[in-house]
Amino acid sequence: MKIKTPKYWKQYSLLDFGNGVKVEQFNNIVTIRPETNATNNLTKKLSFWQQKANYIYKSKTVDGGKWNIENLPEWFINYKLDIIDSRFKLQLSNSKHIGIFPEQAVNWEFIASKAKANTKVLNLFAYTGAISVIAAKIGANVTHIDSSKTAIKHAKDNAEINHINNIRFIIDDAYLFVKKEEKRANKYDFIILDPPTYGFGAKGKNWKINKGLEHLLRVCKSILTSNGVIILNTYSPKFSFKQILPILEKTFTKNAKIEFGSLALIDSFNKELILNDFYIIVNN
Ligand SMILES: C[S@@+](CC[C@H](N)C(=O)[O-])C[C@H]1O[C@@H](n2cnc3c(N)ncnc32)[C@H](O)[C@@H]1O
């Protein structure tokens with residue numbers, strides 16, 4: 001198992017984490033928000049960070065909470081990867097998310113190193129589309145699927161900021177979409193999927209990772225080119241390597257290459273915060 005951290009961030013940093021929160025800086029804005037994986041102690045006192053923070057999110061229930069500001073502000077962050085410059089819109093949301101998952105820059109780096117002009121990329125559960133933008137900047141033909149209108153609007157804004165017009169945005173349920181692509185016999189060279197533990201499809205249908213992932217992967221495999229690659233990202237502690245690896249072994253042939261591990265961020269005191277698990281499957 002590998003632990004990977006992003007290499008190219010200049011305008012994002014994880015300042016500190018612990019006591020159930022993470023303190024981050026996005027461009028010139030400092031935020032404090034809950035983080036389940038921050039089970040250690042903060043290096044500096046919470047009161048120290050509270051004085052520095054622009055925005056603080058307080059959990060009210062298990063599922064929700066509130067920022068310390070009524071109008072949810074937006075701002076921008078730049079990300080430069082070798083010769084690719086990207087810029088993303090950030091916005092506080094009621095769900096504590098800000099518009100990017102900084103640790104996933106590892107996946108952005110991966111796609112940037114592998115995709116080529118005209119490669120077909122399918123981004124499922126695509127949210128605000130950072131990876132869609134990066135793949136599109138390389139010249140890939142990107143199909144971007146999310147069931148949330150708000151997420152698609154944010155992703156379209158990101159494409160516009162980056163002067164990109166080679167992303168096809170579709171509001172749909174990830175599973176329903178791949179089933180349609182299977183029927184149409186469409187194939188993709190890269191499929192990126194970052195399913196939530198729970199979610200809702202376009203028609204309000206429930207999605208649960210423990211029930212849905214196996215079916216979803218089976219259809220993804222059938223619309224993958226022969227040497228195509230799947231990048232799967234997960235962040236469900238109850239649904240980790242032990243549960244997912246057997247599903248991958250069942251779905252793909254013995255010749256498929258499977259690399260897996262975790263995505264982490266390193267804070268300004270050199271502590272490592274593990275956030276997601278990743279699986280890269282090369283079809284064969
Ligand atoms: C955690 S986010 C993905 C983050 C993304 N990988 C990134 O780095 O920007 C999960 C996304 O899945 C979407 N979603 C949830 N259930 C879905 C479903 N059944 N079909 C399609 N999208 C879904 C949500 O709207 C949300 O934008």
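How many of the 284 residues of the protein count as buried? The share is 42%, where a residue is buried if 20 or more other C-beta atoms lie within 10 Å of its own, exposed if 12 or fewer, and partly exposed in between, with C-beta atoms placed from the backbone.

Before we go on, a word on what you are looking at. This is a predicted model, in which local features need pLDDT of at least 70 and side-chain atom pairs count only at pLDDT 80 or more, while totals for chains, interfaces and linings use all residues. Residues are numbered from 1 along each chain as its sequence is written.

Let us start with the overall form. The C-alpha atoms fill a box of roughly 55 × 40 × 40 Å along the principal axes. For 284 residues, a compact globule would have a radius of gyration near 19 Å, and the 18 Å of the protein agrees with that; the radius is taken over C-alpha atoms, and the globule rule is 2.2 Å times the number of residues to the power 0.38. Among contacts with a separation of 6 or more, 62% are between residues 24 or more positions apart, a contact being two residues whose C-beta atoms, placed from the backbone, lie within 7 Å. The secondary structure comes to 7 helices and 17 strands; these are DSSP runs numbered from the N terminus, helices being H or I with at least four residues and strands E with at least two.

Now to the sheets. In one open sheet, 8 strands follow the order β1-β16-β17-β15-β12-β9-β10-β11, with mixed pairing. Two strands pair if DSSP finds at least two bridges between them. The edge strands, each pairing on one side only, are β1 (2-4) and β11 (167-171), and the twist averages 20° from one strand to the next. At the β1 edge, 3 bridges join β1 to β16 (residues 257-266), and the two run parallel. You can find one of these pairings by looking at Lys2, whose bridge partner in β16 is Gly261.

Helices lie across this sheet. Helix α4 (residues 149-161) crosses β10 (141-146) and β11, running at about 165° to β11. Helix α7 (residues 241-251) lies across β15 (224-234), β16 and β17 (272-282), and runs at about 10° to β17. For these angles, axes are lines fitted to C-alpha atoms, for helices over the stretch in contact, and values run from 0 to 180 degrees between N-to-C directions.

Another open sheet has 5 strands in the order β2-β3-β4-β5-β6, again with mixed pairing. Its edge strands are β2 (12-18) and β6 (65-67), each of which pairs on one side only, and the twist from one strand to the next averages 15°. Within this sheet, 6 bridges join β3 (residues 21-26) to β4 (residues 29-34), which run antiparallel; Gln25, for instance, has Val30 as its bridge partner in β4.

What about the interior? In soluble globular proteins, nonpolar side chains tend to be buried together. Here the largest nonpolar core has 79 residues, of which Ile111, Ala135, Ile191 and Cys220 touch the most other members. Helix α3 (residues 130-138) gives the most to this core, with 7 residues. Such a core is a set of buried Ala, Val, Leu, Ile, Met, Phe, Trp, Tyr and Cys residues joined through C-beta atoms within 7 Å.

Ile111 also leads us to helix α2 (residues 105-114), which is largely enclosed by the rest of the structure because 7 of its 10 residues are buried. Those buried residues are Ala105, Val106, Asn107, Trp108, Phe110, Ile111 and Ala112. Leaving aside neighbours within four places in sequence, Ile111 contacts Ile131, Ile134, Ala135 and Phe190.

Finally, a few residues deserve a closer look. Most residues other than glycine have a negative phi. Asn118, in the loop between α2 and β9 (120-124), has a positive phi near 70° and is exposed, with 11 other C-beta atoms within 10 Å. His163, in the loop between α4 and β11, has a positive phi of about 55° and counts as exposed, with 8 C-beta neighbours inside 10 Å.

Asn283 lies in the segment after β17 and is partly exposed, with 19 other C-beta atoms within 10 Å. Beyond four places in sequence, Asn283 touches residues including Lys221, Leu224 and Phe252. Its C-alpha atom is separated by 47 Å from that of Ile69, 214 residues apart along the chain.
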